[in-house]
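Okay, thanks everyone, let me get the structure up on the screen. I'll start with one helix, then zoom out, then walk through a strand and some charged pairs.

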Amino acid sequence: MVLDDLGSSLRGSLDKLQGKTRLSESDVEEIVKEIQRSLLSADVDVSLVMELSDSIKTRALEEEPPGGTTARDHVLKIVYEEMVDLVGDSTELPLENQTILLAGLQGSGKTTSAAKMAWWFSKKGLRPAVIQTDTFRPGAYDQAKQMCERAEVDFYGDPDSDDPVDIARTGLEETADADVHIVDTAGRHALEDDLIAEIEQIESAVDPDRSLLVLDAAIGQGAKEQARQFESSIGIEGVMITKLDGTAKGGGALTAVNETDSSIAFLGTGETVQDIERFEPSGFISRLLGMGDLKQLSERVERAMEEAQEEDEDWDPEDMLQGEFTLKDMKKQMDAMNRMGPLDQVMDMIPGMGGGMMDQLPDDAMDVTQDRMRKFERIMDSMTEEELTNPRVVGQSRTERIARGSGTDEETVRQLLEQHSMMEQTISQFQGMGDGDMQRMMKKMGGEGGGGLGDMMGGGKGPF
């Protein structure tokens, strides 16, 4: 997840306060030094680190924790509030007609980001179009066209033209029916004079409503100078931080946001067009500190279920609470989970499941879990309609056949059937419940488990 090492380090620092009800000055000094080390190793600018740590120290020493609040929770609240203040508000992006100009160095992910943003706007009910003006990088046109096809959005480019300004003007005319125009510009390996001159000409031609700077999360301290140059040339109203799915530190990008006196608009969290998040400072920092992000989680769940239903109009998730829970229902649930993105990202959004719990898992734990789910899907693909509808008919001979057909083993087939049985029992307890009963059951399950995501991950007796 984004800034993973920073989050892990901060959580480790805060855990040293576990069990304490009062904070001494030495406790505060130690925690502030740990936070400074965490932020500096994540490439956050020194001046920002000192400003943040001074604020945390002052508040931790001067503010009285509310009654019944532990020292750890009190400091966690202060760190959370100060870091939310550091990253600032989200860039304002009204859902209305507008033109957005993208700027950034080569390799920052502008072309992919253009398609992602277009996809995001399309999901909000607007008609977007991407205009590709990069005549410098070989393959830019083809990449942009393919990405826009995947995003199912309008696209304009001219592979035979070497005049980016003319392409931008013509593109606006050819895609006049679009609500949102996203103009992708050329990048270079460094801030060269010709890059700056070209983007200034394009900016003058398209007169964008806002210009966004696209930054690779791994850019480090170099982000400061880059942000300053683009800000002085075209003005930067927002930043998209890309490649947050890797091991990037990310602090340099946060520094760049501060340098342009702007804000973060989007986060790029993967390679597909759907791997984009609207930046929400409270959720971003909440995930970083292991507190989850229910708003982003609910959006992903809603989107995944809608897409699953679009593919199979006859399937309605609410039907699971009315009749029998079949393997076909389970397969649809797993498909929806896959659409939500990498499992480690989803886990980070669940309060109590990400953060510290994730720190304790083996490095390959999520890979093992994804592999387990892929095997389950192959097994269900090898089953007959009768077996998917009524798993109880699967005896030893059918188990052997299914294992051979799916390229798995009999034990994994049995694990799938056991998993289905547990989920079926859990869902049967919800049938006929009112809202109050449902909430009590969910609370009980949160402490005891019961065939849900935890069991899918292994449940203490599975792949871990």
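**A covered helix, and what surrounds the story**

So, helix α5 first: 11 of its 14 residues are buried, which leaves it mostly covered. Before I go further, keep in mind that this is a predicted model. The buried residues in α5 are K110, T111, S113, A114, A115, K116, M117, A118, W119, W120 and F121. Yes, there are two lysines on that list, K110 and K116.

I also looked at the helix geometry. How far apart should the ends of α5, residues 110-123, be? At 1.5 Å a residue the expected span is 20 Å, and the end C-alpha atoms are indeed 20 Å apart, so the two agree. Just after α5 comes G125, with a positive phi of about 95°.

Now the zoomed-out view. We have 21 helices and 8 strands in this protein. There are 464 residues, and 50% of them count as buried. Take the contacts between residues at least 6 apart in sequence: 74% of those join residues at least 24 apart. For the surface people, the exposed area is about 21,600 Å², with carbon and sulfur atoms supplying 44% of it.

Next, strand β1, residues 98-103. How many of its 6 residues are buried? The count is 6 of 6, so β1 is largely enclosed by the rest of the structure. Look at the side chains: Q98, I100 and L102 point one way, T99, L101 and A103 point the other way, and all of them are buried.

And who are the neighbours? β1 pairs with β4, residues 180-184, in the parallel sense over 5 bridges. If you want a spot to click on there, I100 stands opposite I182 of β4. β1 also pairs with β5, residues 210-216, again in the parallel sense, over 4 bridges. There, A103 is the residue opposite L213 of β5.

Let me move to a polar residue, S53, which is in helix α3, residues 46-62. Buried or exposed? S53 has a relative accessibility of 1%, and the cut-off for buried is under 20%, so S53 counts as buried. Its side chain makes a polar contact of 3.0 Å with the side chain of Q36. If you skip residues up to four places away in sequence, S53 touches V32 and Q36.

Okay, salt bridges. The structure holds 16 of them, and I'll show you three.

The E34 to R37 bridge has its closest N and O atoms 3.0 Å apart. E34 and R37 are about one helical turn apart, because they sit 3 residues from each other in helix α2, residues 25-41. Why does that spacing suit a pair? An α-helix has 3.6 residues a turn, so residues three or four places apart point the same way. E34 has a relative accessibility of 16%, so it counts as buried.

The next bridge links E81 and K77, with the closest N and O atoms at 2.8 Å. Both residues lie in helix α4, residues 71-87, and they are 4 residues apart, about one turn. E81 counts as partly exposed at 29% relative accessibility, and K77 is partly exposed too, with a relative accessible area of 44%.

For the third one, R398 bridges to E387, closest N and O atoms 3.1 Å apart. R398 lies in helix α18, residues 396-406, and E387 in helix α17, residues 385-389, so this pair ties together parts that are 11 residues apart in sequence. Salt bridges with shared partners also join R59, E63, K77, E81 and E82 into one network, so to speak bringing us back to the E81 and K77 pair.

Let me finish on that third bridge. R398 is partly exposed, with a relative accessible area of 25%, whereas E387 is buried at 0%. What else does the E387 side chain have around it? A polar atom of that side chain lies 2.9 Å from the backbone nitrogen of T384. Leaving out residues up to four places away in sequence, E387 touches L327, V393, V394, R398, R401 and I402. The salt-bridge partner R398 is one of those.

That's what I have, happy to rotate the view for anyone.

Technical notes
Residues are numbered from 1 along each chain as its sequence is written. This is a predicted model: local features need pLDDT of at least 70, side-chain atom pairs count only at pLDDT 80 or more; totals for chains, interfaces and linings use all residues. Side-chain values use heavy atoms; hydrogens and water are left out. Buried means under 20% relative accessible area, exposed over 50%, partly exposed in between (1.4 Å probe, protein chains only). A polar contact is a pair of N or O atoms within 3.5 Å; within protein, one must be able to donate a hydrogen and the other to accept it, and residues adjacent in sequence count only if both atoms are side-chain atoms. Contact means heavy atoms within 4.5 Å. Two strands pair if DSSP finds at least two bridges between them. A salt bridge is a side-chain nitrogen of Lys or Arg within 4 Å of a carboxyl oxygen of Asp or Glu. The expected span of a helix is 1.5 Å times one less than its number of residues. Accessible areas come from the Shrake-Rupley method with a 1.4 Å probe; for residues, only the protein chains shown count as cover.
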